[in-house]
Amino acid sequence: VNEEKAKEVVPKISRYANSQNKVSEADFFSNHPFHLVIENFSRTVVAPPKPNSSLESRWFYERARGQYSDARPASSAKSKRKEFDLKNPRSQLVTKTDLAKVLNTFRGFPDLVSKGAQKSFVEFAKAIETTWSSESDEHKKFNEKFFKNSMSKVLIFRSLEKLVSGQDWYQGGYRANVVTYSLAKLSDCIKGEKKVINFQKIWNAQTISEELEKTLLEIALRAYKHLTADPLPGSPTNVTEYAKTSKCWQIFKDEKYLLPNFAKTFLISKSVAKDADRQAESKQILTNEVERQKAVIAYGGPFWSKVLEFSSQKNILIPSDWSLLSSATAIPRKLPSSDKEYRKLLTLLERARKSGFED
């Protein structure tokens with residue numbers, strides 16, 4: 001099957017034919033276009049240097065298991081391996097399940113995250129698919145800003161993990177639950193104030209501020225006490241099991257907490273954030289247009305001649321389709337006149353593929 005069809009067919013083959021080896025839900029979803037988009041950003045977007053460093057780096061998104069190891073040069077090339085490690089530090093490796101855990105946390109589902117990586121990922125995949133499907137063929141929401149914000153959320157999550165481990169009140173155990181509950185609580189409090197974390201500032205600094213650290217630790221202590229307190233009647237006595245319940249989250253969510261005055265140093269208004277989102281989406285729309293043009297032109301006139309011949313034989317063209325494909329056979333000497341025509345050509349190609357056309 002062609003590459004486009006393979007994205008749909010291969011996961012289904014794995015799901016229905018695999019009976020010998022365990023394949024996770026995350027593996028089935030790895031070829032979804034969303035992950036390809038995030039993977040592409042992770043290979044092209046360069047992160048600013050960390051404090052006290054002059055080195056730029058990347059946040060490496062591992063769409064499929066083993067990509068990081070495969071990308072790392074073989075042990076025989078020490079200098080190249082060292083260069084790769086500096087540009088792609090293992091501390092900035094993010095797997096699909098990592099991303100699902102972090103984004104589900106900031107979406108306000110710590111009880112779901114506490115149920116484990118696979119259950120969390122399944123719900124994450126459903127949410128992504130809903131948004132992806134609702135955006136037609138633009139997918140403007142999954143832009144460079146979305147990528148940077150997502151990696152900033154991962155940075156916050158991992159920073160809090162380290163902070164919690166170093167606290168006197170932390171006696172070990174339940175760290176994963178404490179972290180996801182704390183960040184979900186912070187997100188809920190910020191939402192109530194009609195504010196948003198300034199993720200761009202965090203991305204630029206590649207670290208979190210002292211003010212954000214203090215706020216997170218205040219909430220983390222509350223989360224730890226909440227999770228380890230005597231359970232309510234009818235609730236699981238095991239902390240990790242209790243953390244999986246909606247009741248556990250609802251009680252902590254309803255607990256009153258006022259953000260400190262210094263929180264304004266790491267927050268921005270929702271209106272400012274929305275303006276930035278609109279700008280990022282507009283930029284992505286332009287990027288999508290350019291990518292469509294590049295794809296259509298790269299195929300070349302002879303290729304479009306084959307599409308025209310096949311589609312005509314299959315009788316799947318109306319006169320206007322035939323005219324557009326006929327014109328495309330002259331690429332690059334003559335190019336389509338608008339983005340609408342580029343879109344239409346790619347749609348006609350997809351239709352031909354569904355009817356059996358092979359590239």
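User: How many residues of each kind, nonpolar, polar and charged, line the second largest pocket?

Analyst: First, the general idea. Rolling a probe the size of a water molecule over the atoms shows where empty space is left. A pocket here is an open set of points on a 1 Å grid over the protein atoms alone, where a 1.4 Å probe fits, with protein on both sides within 12 Å along at least five of seven lines; lining residues have an atom within 4 Å of a point. Ala, Val, Leu, Ile, Met, Phe, Trp, Tyr, Cys and Pro count as nonpolar, Asp, Glu, Lys and Arg as charged, and the others, Gly among them, as polar. In this case, the lining splits into 20 nonpolar, 15 charged and 10 polar residues. This is a predicted model: local features need pLDDT of at least 70, side-chain atom pairs count only at pLDDT 80 or more, and totals for chains, interfaces and linings use all residues. Residues are numbered from 1 along each chain as its sequence is written, and side-chain values use heavy atoms, with hydrogens and water left out.

User: Which residues lie nearest the centre of that pocket, and which helix gives the largest share of its lining?

Analyst: Asn149, Lys153, Val196, Phe199 and Asp277 lie nearest the centre, out of 45 lining residues. Helix α15 gives the largest share, 11 residues. Helices (H or I, at least four residues) and strands (E, at least two) are DSSP runs, numbered from the N terminus. The space in this pocket comes to about 1500 Å³, where volume is the space filled by probe spheres set on grid points joined across faces, edges and corners.

User: Which residues of α3 are buried?

Analyst: Buried means under 20% relative accessible area, with a 1.4 Å probe and protein chains only. In α3, that covers Phe34, His35, Ile38, Glu39, Phe41 and Ser42. They sit on the same side of α3 because they cover an arc of only 160° around the axis, judged by the directions from the helix axis to the C-beta atoms. Their packing partners are β1, α4, α6, α8, α9 and α15.

User: Why does Phe266 count as buried?

Analyst: Because its relative accessibility is 4%. Phe266 sits in the loop between α14 and β4. A contact means heavy atoms within 4.5 Å. Leaving out residues up to four places away in sequence, Phe266 touches Val196, Ile197, Asn198, Ser209, Glu211, Leu212 and Thr215.

User: What share of the whole protein is buried?

Analyst: Buried residues make up 42% of the 359. The protein has 18 helices and four strands.

Key:
Buried < 20%, exposed > 50% of the residue type's maximum accessible area, 1.4 Å probe, protein only.
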